[in-house]
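Welcome! Please take a moment to look over the sequence and the 3D structure below, and then we will walk through them together.

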Amino acid sequence: MKYDVVIVGSGPAGWTAGIYAVRADLKVLVVEGDQPGGQLTITTKVDNYPGFSEGINGPELMEVMKKQAVNLGVEVKGGLVSGIEKTESGFVVKMGREGIETRSVIVTTGARARWLGVPGEKELMGKGVSGCATCDGMFFKDKEVAVIGGGDSAVEEATFLTRFCKKVYIVHRRDSLRATASEQKRVFSNKKIEMVWNSQVKEFVGKERLEGVKIVDKDGKESLLKVEGAFVAIGRDPATEFLEGKVELFESGHIKVGFLERETMTSVEGIFAAGDCVDQKFRQAVVSAGMGCKAAMEVEKWLG
Ligand code: NAP
C-alpha cells in the first residue's frame with residue numbers, strides 16, 4: 001500500500017491532520033485541491049488564531065502550516081480528487097485517471113463561496129461582480145460598491161473595501177446583521193458604509209461592466225443601486241459533491257461523522273472527515289485545526 005492516509009484538502013484541518021499523522025509515523029499524502037490553502041487564502045488579517053500576537057495574514061498562516069507539515073515529512077500533491085473507491089485492502093483516491101492507493105482517507109475539503117444565482121451574476125463575474133474583496137478590492141479605488149450579505153464575511157469585506165472605495169453599501173435581506181457584535185460596531189461607526197436593509201438582489205445590471213444592482217425591498221419596491229463593484233458574501237457550501245452517494249451527507253452537503261463511536265469517522269469505515277466540510281456551526285480555522293488533529297489521532301488508532 002502506498003500511503004497509510006491520504007488527506008484530501010489543504011486548509012487548517014488538512015495540514016493539522018497531516019502534522020499529527022506524520023508524527024504518528026504514518027505515511028501521509030496531502031492532496032491540495034483547486035484552492036491550495038483553502039478559504040484562509042482569500043481573507044486578510046487573521047487576529048483570532050492563537051500563537052500570533054500581532055495577527056497574521058491568512059495566506060501566510062497557510063504557508064506556515066504547509067511548511068511545518070512538509071518539514072515533518074508530509075508529501076504534497078496538487079490537483080483535485082474526483083472520487084474515493086473502496087478496495088479489498090483500503091481505498092483508491094481518484095484524481096482523474098490516476099488512482100492513489102491508501103489504507104485510510106481524511107476528507108478536509110472545506111467549503112466554497114455561495115452565489116445568488118440571479119441574472120447577470122455569472123455574466124459580469126470579473127467585470128464588476130466578485131466573491132473576494134481581498135482579491136479584487138483594489139480595482140475599485142474611489143468607486144462606489146455594494147457588498148451582499150449580513151454575516152461576518154460581508155461586514156469584514158465591507159470594512160476592508162472602505163480602504164479603497166468612496167462608498168460601500170451593505171445590501172442585506174433582513175433588518176439586522178448576523179455578524180458578531182464587534183464587527184457590527186465597526187460597520188455602524190464607519191462613515192463610508194451605508195446599510196440597505198430588507199433588500200434582496202434581483203439582478204446585476206450592465207453590458208460590458210457592472211453598472212448597478214437591481215434590488216427589491218420587502219414591500220416589493222424595485223430600485224437600482226448604482227455601483228461599479230458588487231461583492232457577494234452570502235456564506236459557503238461544503239465542497240463534498242465528489243462524495244455524494246459514497247458517504248452519508250446532510251441535506252446541506254455537510255458530511256455526517258461520529259460513526260463506530262469515533263468522532264471523525266464517516267459512514268464508510270476508514271474514511272474520516274474534519275473541518276468546514278463537516279462543521280455546520282463554528283466554521284473557524286482553529287476549530288478546523290482541532291478537528292484535523294482528532295481525525296489523525298482516530299486514524300492512527302483505527303489503523304492499529
Ligand atoms: P453566514 O454567517 O452564513 O452569513 C451569510 C449571510 O448571507 C447571512 O446574513 C444571510 O442572511 C445572507 N444570505 C444567505 N443566503 C442569502 C441569499 N440567497 N440572499 C441574500 N442573502 C443571503 O456566512 P459568512 O458570513 O460567510 O460566515 C461563515 C462563518 O465563518 C460564520 O461562522 C462566521 O462567523 C465565520 N467567519 C468568521 C470570521 C472571523 O472570525 N474573522 C470572518 C468571516 C467569517 P440571513 O442573516 O438572513 O440568514
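Why is H4 largely enclosed by the rest of the structure? Seven of the 10 residues of H4 are buried, so the rest of the structure largely encloses this helix. Here, buried means under 20% relative accessible area, exposed means over 50%, and partly exposed lies in between (1.4 Å probe, protein chains only). Helices (H or I, at least four residues) and strands (E, at least two) are DSSP runs, numbered from the N terminus.

Before going further, a word on the model: it is predicted, so local features need pLDDT of at least 70 and side-chain atom pairs count only at pLDDT 80 or more, while totals for chains, interfaces and linings use all residues. Residues are numbered from 1 along each chain as its sequence is written, and side-chain values use heavy atoms, with hydrogens and water left out.

**Inside helix H4**

The buried residues of H4 are Ala154, Val155, Glu157, Ala158, Thr159, Phe160 and Leu161. Their cover includes helix H3 (133–136), helix H5 (181–188) and strands S11 (144–148), S12 (167–171), S13 (193–196) and S17 (229–232). Take threonine 159, which is found in helix H4: its relative accessible area is 13%, so threonine 159 is buried. Leaving aside neighbours within four places in sequence, threonine 159 is in contact (heavy atoms within 4.5 Å) with Arg186, Val187 and Ile193.

**Around the ligand**

Helix H4 (residues 152–161) also gives the most to the shell around the ligand, with three residues. In total, 18 residues surround the ligand, each having a heavy atom within 4 Å of it. The closest are Asp152, Ser153, Glu156, Arg174 and Arg178. By class, the shell has three nonpolar, nine polar and six charged residues.

Three polar contacts of the ligand (pairs of N or O atoms within 3.5 Å) are set out here:

| Ligand atom | Protein partner | Distance |
|---|---|---|
| oxygen atom | arginine 173, N or O atom in the side chain | 2.9 Å |
| oxygen atom | glycine 150, polar backbone atom | 3.0 Å |
| oxygen atom | glutamine 284, N or O atom in the side chain | 3.5 Å |

The protein covers 79% of the 920 Å² of accessible area that the ligand has on its own, by the Shrake-Rupley method with a 1.4 Å probe.

**The two domains**

The domain assignment, which is automatic or from a database, gives domain 1 (5–112 + 236–303) and domain 2 (115–232). Their C-alpha centres lie 32 Å apart. The shell around the ligand draws at least three residues from each of domain 1 and domain 2.

Technical notes:
Polar contact = N/O pair within 3.5 Å; in protein donor to acceptor, adjacent residues only side chain to side chain. Nonpolar A, V, L, I, M, F, W, Y, C, P; charged D, E, K, R; others polar.
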